[in-house]
Amino acid sequence: MDTDNLLTVEVQDHPSGVPVVQIHGDVDLATAPAFQEAIHRQVTAGQHFVVDMDGVKFLSSAGLAVLVDTSTRMTEKNLRWALV
């Protein structure tokens, strides 16, 4: 998923079977919805996953809000996730 060439979101399967959501670019007010959509798909799938933000150059409060929401939703579902 590409949002104005500012953010790229890819989901890769790790050999362990845990999906890894790789984020590259800036996560700001304009791109946070694409970031949230990708994360929401993983939460809805009801499985553990990893968010790899090694490629993130900028994280605004909108991006941070997505991470807080993810933590809340995963706790409600009694699932684990990791942020790298």
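**Exercise 1. How many residues does helix α1 have, and how far does it reach from its first C-alpha to its last?**

Before we solve it, some ground rules. This is a predicted model, where local features need pLDDT of at least 70 and side-chain atom pairs count only at pLDDT 80 or more, while totals for chains, interfaces and linings use all residues. Residues are numbered from 1 along each chain as its sequence is written, and side-chain values use heavy atoms, with hydrogens and water left out.

Solution.
- Step 1: helices are DSSP runs (H or I, at least four residues), as are strands (E, at least two), and they're numbered from the N terminus.
- Step 2: α1 covers residues 32-45, so you've got 14 residues.
- Step 3: the expected span is 1.5 Å times one less than the number of residues. That gives 20 Å, and the helix reaches 20 Å, close to expectation.
- Step 4: just past the end of α1, Gly46 has a positive phi of about 70 degrees.

**Exercise 2. Which residues of α1 are buried?**

Solution.
- Step 1: take the cut-offs: buried is under 20% relative accessible area, exposed is over 50%, and partly exposed is in between (1.4 Å probe, protein chains only).
- Step 2: read off the helix: Ala32, Ala34, Phe35, Ala38, Ile39, Gln42 and Val43 are buried.

**Exercise 3. Work out how β3 pairs with β2 and β4.**

Solution.
- Step 1: strands pair if DSSP finds at least two bridges between them.
- Step 2: β2 (residues 7-13) and β3 (residues 19-27) run antiparallel, joined by 7 bridges. Val11 has Val21 as its bridge partner in β3, and Glu10 has Gln22.
- Step 3: these two strands form a hairpin with 5 residues in between, and Gly17 in the turn shows a positive phi of about 95 degrees.
- Step 4: β3 and β4 run parallel, again with 7 bridges, and Val27 sits opposite Leu59 in β4.
- Step 5: the chain gets from β3 to β4 through α1, a β-α-β crossover that is right-handed (with the strands pointing away from the viewer, the path from the first strand over the helix to the second runs clockwise).

**Exercise 4. Which backbone atoms does the Thr31 side chain reach?**

Solution.
- Step 1: find Thr31 in the loop between β3 and α1. It counts as buried because its relative accessibility is 1%.
- Step 2: apply the polar contact rule: N or O atoms within 3.5 Å, one able to donate a hydrogen and the other to accept it within protein, with sequence-adjacent residues counting only if both atoms are side-chain atoms.
- Step 3: a polar atom of the Thr31 side chain lies 2.7 Å from the backbone oxygen of Asp26, and the side chain reaches the backbone nitrogen of Asp28 at 2.9 Å.

**Exercise 5. Classify the aromatic pair.**

Solution.
- Step 1: rings of Phe, Tyr and Trp (its six-membered ring) pair if their centres lie within 6.5 Å; planes under 30 degrees apart are stacked, over 60 edge-to-face, the rest tilted.
- Step 2: the count comes to 1 aromatic pair. Phe49 and Trp81 have ring centres 6.1 Å apart and planes at 35 degrees, so the pair is tilted.
- Step 3: Phe49 is in β4 (residues 49-59) and Trp81 in β5 (residues 81-83), 32 residues apart.
- Step 4: Phe49 is buried at 1%, whereas Trp81 is partly exposed at 23%.
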